[in-house]
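User: I am new to this structure and would be grateful for a close look at one part of it. Please describe the metal site, and then set it in its surroundings.

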Amino acid sequence: MARLLRALGRLPFRAVPGRAVRCRADSGGLRARSGPGDAGSLTKRGPTLSKSEWQKKLTPEQFHVTREKGTEPPFSGIYLNNKESGMYHCVCCDSPLFSSWSVVNVWHSSEKKYCSGTGWPSFSEAHGTSGSDESNTGILRRVDTSLGPARMEVVCKQCEAHLGHVFPDGPGPAGQRFCINSVALTFKPRKR
Ligand SMILES: [Zn+2]
């Protein structure tokens with residue numbers, strides 16, 4: 001009996017090192033880019049590349065906007081006047097970010113991409129938004145003070161690509177305008 005209890009008592013201790021090894025393996029792949037200390041907060045992130053790897057994968061304009069927080073010139077983006085139904089994905093990692101519409105019920109869908117007149121593709125919410133909850137979307141918000149007054153930057157949750165900014169002057173009850181660079185996106189038409 002005593003031997004059995006000792007054996008049972010050892011079980012949890014045998015399980016713990018296994019979990020610890022898996023955690024180290026998860027964060028190890030991210031450490032090269034993010035540095036020590038913040039790997040724990042990056043466990044849900046997808047593949048990350050070095051600066052030179054992103055430069056090889058992206059066009060110079062895509063690299064400047066998404067990896068160097070650039071902004072495409074207004075009225076220059078290929079998706080500004082795109083009225084097709086479909087999904088806008090991250091140009092870096094293909095994560096679905098913004099839909100041109102969302103289903104309200106079986107009879108009705110609501111347009112989420114709209115013409116704001118500002119010169120950049122504009123969306124009233126990110127894909128996956130539920131009320132004011134953005135935990136199931138592909139985006140993150142970050143305070144950006146690079147131009148003085150604080151603005152809210154929008155980045156890809158999976159690869160941290162800079163996408164654009166969100167402003168509180170949009171349509172509808174939420175009143176949000178996601179001002180997103182076309183070059184940060186890839187459009188995939190809705191399947192009919
Ligand atoms: Zn991404």
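Analyst: The account below starts with the metal site and moves outward to the strands, the aromatic rings and the helices.

The model is predicted. Its chain holds 3 helices and 11 strands. Read from the N terminus, the order of elements is α-α-α-β-β-β-β-β-β-β-β-β-β-β.

The metal is a zinc ion, and its protein donors are the SG atoms of Cys-90, Cys-93, Cys-156 and Cys-159. These donors lie 2.3 to 2.4 Å from the zinc ion. The angles among the 4 donor atoms run from 102 to 115 degrees, and the site is tetrahedral. For comparison, the ideal angle for four tetrahedral donors is 109.5 degrees. The site counts as tetrahedral because every one of its angles, 102 to 115 degrees, falls between the limits of 85 and 135 degrees.

Along the chain, the donors of the zinc ion follow the spacing C-x2-C-x62-C-x2-C. Distant parts of the chain are linked in this way: Cys-90 belongs to strand β1 (residues 86-90), whereas Cys-159 sits in the loop between β8 (151-156) and β9 (162-167), and the two are 69 residues apart. Are these two cysteines buried or exposed? Cys-90 has a relative accessibility of 2%, so this residue counts as buried. Cys-159 is likewise buried, with a relative accessible area of 1%. The limit that matters here is 20%, since a residue under that value is called buried.

Strand β1, which holds Cys-90, also takes part in an open sheet of 3 strands in the order β2-β1-β11, with antiparallel pairing. Strands β2 (96-99) and β11 (185-189) stand at the edges; each has a single partner strand, and therefore one side of each has no neighbour in the sheet. On average, and with direction ignored, neighbouring strands of this sheet are turned by 30 degrees against each other. Between the antiparallel strands β1 and β11 there are 5 bridges. One residue that can be followed across is Met-87, whose bridge partner in β11 is Lys-188.

The aromatic rings come next. The structure holds 6 aromatic pairs. In one of them, the rings of Tyr-79 and Tyr-88 have centres 5.4 Å apart and planes at 80 degrees, so this pair is edge-to-face. Tyr-79 is buried at a relative accessible area of 13%, and Tyr-88 counts as buried at 0% relative accessibility. The rings of Phe-98 and Phe-123 have centres 4.6 Å apart and planes at 20 degrees, so that pair is stacked. Phe-98 lies in strand β2 and Phe-123 in strand β6 (residues 122-123), so the pair ties together parts that are 25 residues apart in sequence. Both Phe-98 and Phe-123 are buried. Ring pairs join Tyr-79, Tyr-88, Phe-98, Phe-123, Phe-178 and Phe-187 into a cluster.

Among the helices, α3 (residues 60-67) has Gln-62, Phe-63, Val-65 and Thr-66 buried. The cover over the buried residues of α3 includes α2 (51-57) and β9. Lys-69 follows α3, and its phi is positive, near 55 degrees.

Two values describe the chain as a whole. Of its 192 residues, 40% count as buried. Among the contacts with a separation of 6 or more, 52% come from residues 24 or more positions apart.

Technical notes: Residues are numbered from 1 along each chain as its sequence is written. This is a predicted model: local features need pLDDT of at least 70, side-chain atom pairs count only at pLDDT 80 or more; totals for chains, interfaces and linings use all residues. Side-chain values use heavy atoms; hydrogens and water are left out. Donors are N, O and S atoms within 2.8 Å of the metal (3.2 Å for Na, K and Ca); water is not among the atoms, so sites may look incomplete. Four donors count as tetrahedral if all angles lie between 85 and 135 degrees; four count as square planar and six as octahedral if opposite donors are over 155 degrees apart and all others between 65 and 115; anything else is irregular. Helices (H or I, at least four residues) and strands (E, at least two) are DSSP runs, numbered from the N terminus. Buried means under 20% relative accessible area, exposed over 50%, partly exposed in between (1.4 Å probe, protein chains only). Contact means heavy atoms within 4.5 Å. Two strands pair if DSSP finds at least two bridges between them. Axes are lines fitted to C-alpha atoms, for helices over the stretch in contact, and angles run from 0 to 180 degrees between N-to-C directions. Rings of Phe, Tyr and Trp (its six-membered ring) pair if their centres lie within 6.5 Å; planes under 30 degrees apart count as stacked, over 60 as edge-to-face and the rest as tilted.
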